[in-house]
Amino acid sequence: MRAQFVLSEIGVGLRRNLTMTFAVVISVALSLALFGGSLLMRDQVSSMKGYWYDKVQVSIFLCNKADAEADANCSKGAVTSEQKQQIKTDLGKLDIVEEVYYESADQAYKHYKEQFKDSPLAASLTPDQMQESYRIKLKDPEKYKVIDTAFSGRAGVQSVEDQRDVLENLFNLLGGMNVAALGVMGLMLVVALLLIVNTVRVSAFSRRREIGIMRLVGASGFYIQAPFIMEAAIAGLIGAGFAGTLIVGGKYLLVDHWLAEKIPLVNFIGWDVVLTKLPLVLAIGLIMPAMAAFIALRKYLRV
């Protein structure tokens with residue numbers, strides 16, 4: 001009988017505050033979708049770092065004739081055969097070096113034409129303007145400074161560059177986007193909590209007479225609170241369900257059927273990572289509104 005009464009009160013409360021309940025559902029859905037998306041983006045960035053940092057290379061660019069005239073690092077002229085051989089020999093002596101690849105000016109020119117064939121600059125370049133280089137794969141990419149210190153400023157070396165610098169800019173951008181998403185999520189979460197509190201208070205005020213009668217007949221505080229808490233929990237759970245749908249839909253449509261085709265070089269996270277986040281989203285959607293309702297109801301239960 002008591003369970004039937006509580007369930008009937010829940011239905012009455014949801015019908016009386018249908019508009020505000022709908023607003024709560026939408027706010028919870030958007031905030032939790034952003035929360036889940038932020039968690040997945042963090043995992044994606046970690047996965048990309050692990051994947052790409054293992055493949056980054058350090059490049060030693062050698063001086064050519066054009067550099068000898070325009071670059072202070074190449075003031076002694078273009079690199080000689082002896083200097084190239086000495087650089088290769090010294091690289092082979094370093095324990096941190098896993099592999100060394102040599103790229104000639106002709107190869108660099110060919111790769112540039114393939115990658116930037118639509119660039120107006122590509123038509124005006126000639127092979128002798130391209131730089132020869134050594135591409136070094138390190139056993140530990142963190143040891144880039146060893147190569148930089150050993151070869152920067154050496155005769156015949158124009159510059160030493162670490163590909164991680166380019167990747168760091170990308171990862172910093174993704175990290176910034178993730179922080180922005182978390183900020184918006186926090187704002188939406190505050191809005192959702194305020195809506196939940198107001199909805200519960202309006203519902204309690206509209207049923208103040210019933211609450212007073214229940215107090216007089218000796219009903220416990222939990223018995224009085226239960227319908228309101230469950231109303232908020234149900235609205236939050238529905239919102240969390242929509243958030244889960246948005247997350248799954250985003251993974252299926254945006255990632256698997258668009259980004260994966262447009263950016264094949266990126267190793268995107270799998271469904272196993274997505275599915276591990278859904279229980280957390282549902283749990284927060286259920287517990288957060290219930291706790292907000294419990295706090296909001298305290299003033300109405302003072303005897």
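1. A helix here is a DSSP run of H or I with at least four residues, a strand is a run of E with at least two, and both are numbered from the N terminus. This is a predicted model, in which local features need pLDDT of at least 70 and side-chain atom pairs count only at pLDDT 80 or more, while totals for chains, interfaces and linings use all residues. Residues are numbered from 1 along each chain as its sequence is written, and side-chain values use heavy atoms, leaving out hydrogens and water.

2. Welcome to the fold: the protein has ten helices and four strands. Read from the N terminus, the order is α-α-β-α-α-β-α-β-α-β-α-α-α-α.

3. Now for the largest pocket (an open set of points on a 1 Å grid over the protein atoms alone, where a 1.4 Å probe fits, with protein on both sides within 12 Å along at least five of seven lines). Its space is about 750 Å³, taken as what is filled by probe spheres set on the points.

4. The lining of this pocket (residues with an atom within 4 Å of a point) counts 26 residues, and Gly-37, Met-41, Leu-254, Val-255 and Leu-259 lie nearest the centre. At least two lining residues come from each of α2 (18–53), α7 (164–206) and α9 (221–262). With nine residues, α2 gives the most.

5. For the whole protein, 39% of the 303 residues are buried, meaning under 20% relative accessible area with a 1.4 Å probe, protein chains only.

Definitions and conventions: Buried < 20%, exposed > 50% of the residue type's maximum accessible area, 1.4 Å probe, protein only.
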